[in-house]
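Student: I would like to go through this chain step by step. Can we start with the overall fold and then move to the details?

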Amino acid sequence: MLGKTDGEFEEKLLDGKVLLFSRSGIFQVRLYKGEREYIYKSLKTRDVNKARELAIRAHYELEFRKEENLPLQVKRFSEVLNEYEKLRESQHKRGTYKHSNKANQQQTSVYMLRQIVRVSKFWHEYCGKKAVDAIDNSVLREYVDWRRDYYLRMPVEKRPKNHSMNPADKTLEWETTFALTVLKYATERGYRGNKPQPSYRHKAQLAKTRPAFTIKEYSRLYKAIRRWMHEEKDNAKWRYTRELLRDYVLVLANSGMRVGEANNLRVGDIEKFTDGRGRENYAFDVNGKTGKRQVILRATAKRYVDRTLERNAKWREVWEKTGQDGAKRHNRKTAQHDDWLFRMPDGNKIITLIDQFNEVLRRENIVHNADGEKYTLYSLRHFYAVQMLRHGKVNVFDIAKNMGTSVQIIEQYYGRHATPFLLATNLGG
């Protein structure tokens, strides 16, 4: 049966089981899926004879998939990645993400969404065009070598600023575990038919100890920031940034918070309280990698938060006033909802202070530790863990809870810092 509708081509093939038609000159096919449902597919050709051949082939491929209990529509891995990312984003907006192996619901944090977007980029590039039902253990296994060479293949000028040339074993473990999660999602939705679920994930062989500042290095770091701050007397914005870095570093080092958790802190997340020894202090309601928790600041560091709040109050007028171009530098309505604790000179949320932090490390010549590992802002979190263990006044369970991690991680990465002498002292009661 041959015909035209509004200048477009239309023809039924194989006793009406297949409808071949064109839209804007491009041929497409409609295939009967069953139960009064159809599958539409572009044939990506303007040649009618080629289109007939492709349409008939698509019909028999569909019939074969029905007989073999395979997914009727082939989805590319990239399509599934995008779908999964949108799902997690939607769950984040609703505030919950239900784990299949847990009765409770946990929030999909901003941190987790950033991780999903970051890791998806690699999987899109590596095997995004592959059919999702073709992803097996060999594909996952070969990803590890591909990922290790990723930045080596990239021209130097195109490499991201904070890239890691040699991804850690833990990073590769997380990235392959993420792929398994996406494949499980695909299986649950029938995108993989009866294909078995792959099981390969890269397992970290060695636990790499995070670089943590020594007491002497930390003291040098703080004094260097203070000197750098006092050097700036003419430019108010530069002086502000250096004052911000000082208090930001001190809060991280005295709370064990993750960098992203500190960046997302709002004034409304802070709760002042008086502890059992009569000391005024702050508790932070953070929403991080492991969900929501309360972080208790070391009491001696309370003044750094007070100083930050006072500085914000002084700069609020600058953030809210109108510039010469008539545009608001900071929106008062937005500030009511996004009243960030740590703010950049324009009043907006911190993206990163790593450049300023690296400059201080460079000036003080403490860029790396004795093993050649580079210090980062996360080294302040590790410094906190090591010092809390060494003081021995707080048990490892409470340290893990305050940091939003597990006792296993605390012992694995920081346990070696509890010296035999300290251990013997604590065991002695």
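Tutor: Let us begin with the inventory. This is a predicted model. The secondary structure of the chain comes to 16 helices and 10 strands.

Student: What share of the 429 residues is buried?

Tutor: Buried here means under 20% relative accessible area. Of the 429 residues in the chain, the buried part is 42%.

Student: Among contacts between residues at least 6 apart in sequence, what share joins residues at least 24 apart?

Tutor: Take the contacts in the chain between residues at least 6 apart. Those that join residues at least 24 apart come to 58%.

Student: Which helix gives the most to the largest nonpolar core?

Tutor: That core has 44 residues, and Phe213, Leu221, Tyr248, Phe284, Phe357 and Leu380 have the most contacts inside it. Suppliers of at least two residues each include helix H7 (215–231), strand E9 (280–288), helix H10 (302–320) and helix H13 (378–391). Helix H8 (236–253) is also one of these suppliers. With nine residues, the top contributor is H8.

Student: How many residues does the other core have?

Tutor: It lies apart from the largest one. Among its members are Phe122, Tyr126, Phe178 and Leu183. Its count is 31 residues.

Student: Which residues does tyrosine 248 touch, leaving out those up to four places away in sequence?

Tutor: Tyr248 is among the residues with the most contacts inside the largest core. Beyond four places in sequence, its partners are Val259, Ala262, Asn263, Phe342, Ile350, Leu353 and Leu377.

Student: Is aspartate 15 buried or exposed?

Tutor: Aspartate 15 is found in the loop between strand E2 (8–13) and strand E3 (18–23). It has a positive phi of about 55° although it is not a glycine. Most residues other than glycine have a negative phi. The relative accessible area of aspartate 15 is 82%, and the cut-off is over 50%, so this residue is exposed.

Student: Where does lysine 44 lie?

Tutor: Lysine 44 also has a positive phi, about 55°, and is not a glycine. At 72% relative accessibility, lysine 44 counts as exposed. Its place is the loop between strand E5 (37–42) and helix H1 (48–67).

Student: Which residues make the nonpolar surface patch of about 330 Å²?

Tutor: The chain exposes about 24,800 Å², and carbon and sulfur atoms supply 49% of that. One member of the patch, tyrosine 40, is found in strand E5. The patch is made by Tyr32, Tyr38 and Tyr40.

Notes:
Residues are numbered from 1 along each chain as its sequence is written. This is a predicted model: local features need pLDDT of at least 70, side-chain atom pairs count only at pLDDT 80 or more; totals for chains, interfaces and linings use all residues. Side-chain values use heavy atoms; hydrogens and water are left out. A nonpolar core is a set of buried Ala, Val, Leu, Ile, Met, Phe, Trp, Tyr and Cys residues joined through side-chain atoms within 4.5 Å. Buried means under 20% relative accessible area, exposed over 50%, partly exposed in between (1.4 Å probe, protein chains only). Helices (H or I, at least four residues) and strands (E, at least two) are DSSP runs, numbered from the N terminus. Contact means heavy atoms within 4.5 Å. Accessible areas come from the Shrake-Rupley method with a 1.4 Å probe; for residues, only the protein chains shown count as cover. Patches are made of residues with over 30% relative accessible area and no salt bridge: like charges are joined within 9 Å, nonpolar side chains (Val, Leu, Ile, Met, Phe, Trp, Tyr) within 5 Å. A salt bridge is a side-chain nitrogen of Lys or Arg within 4 Å of a carboxyl oxygen of Asp or Glu.
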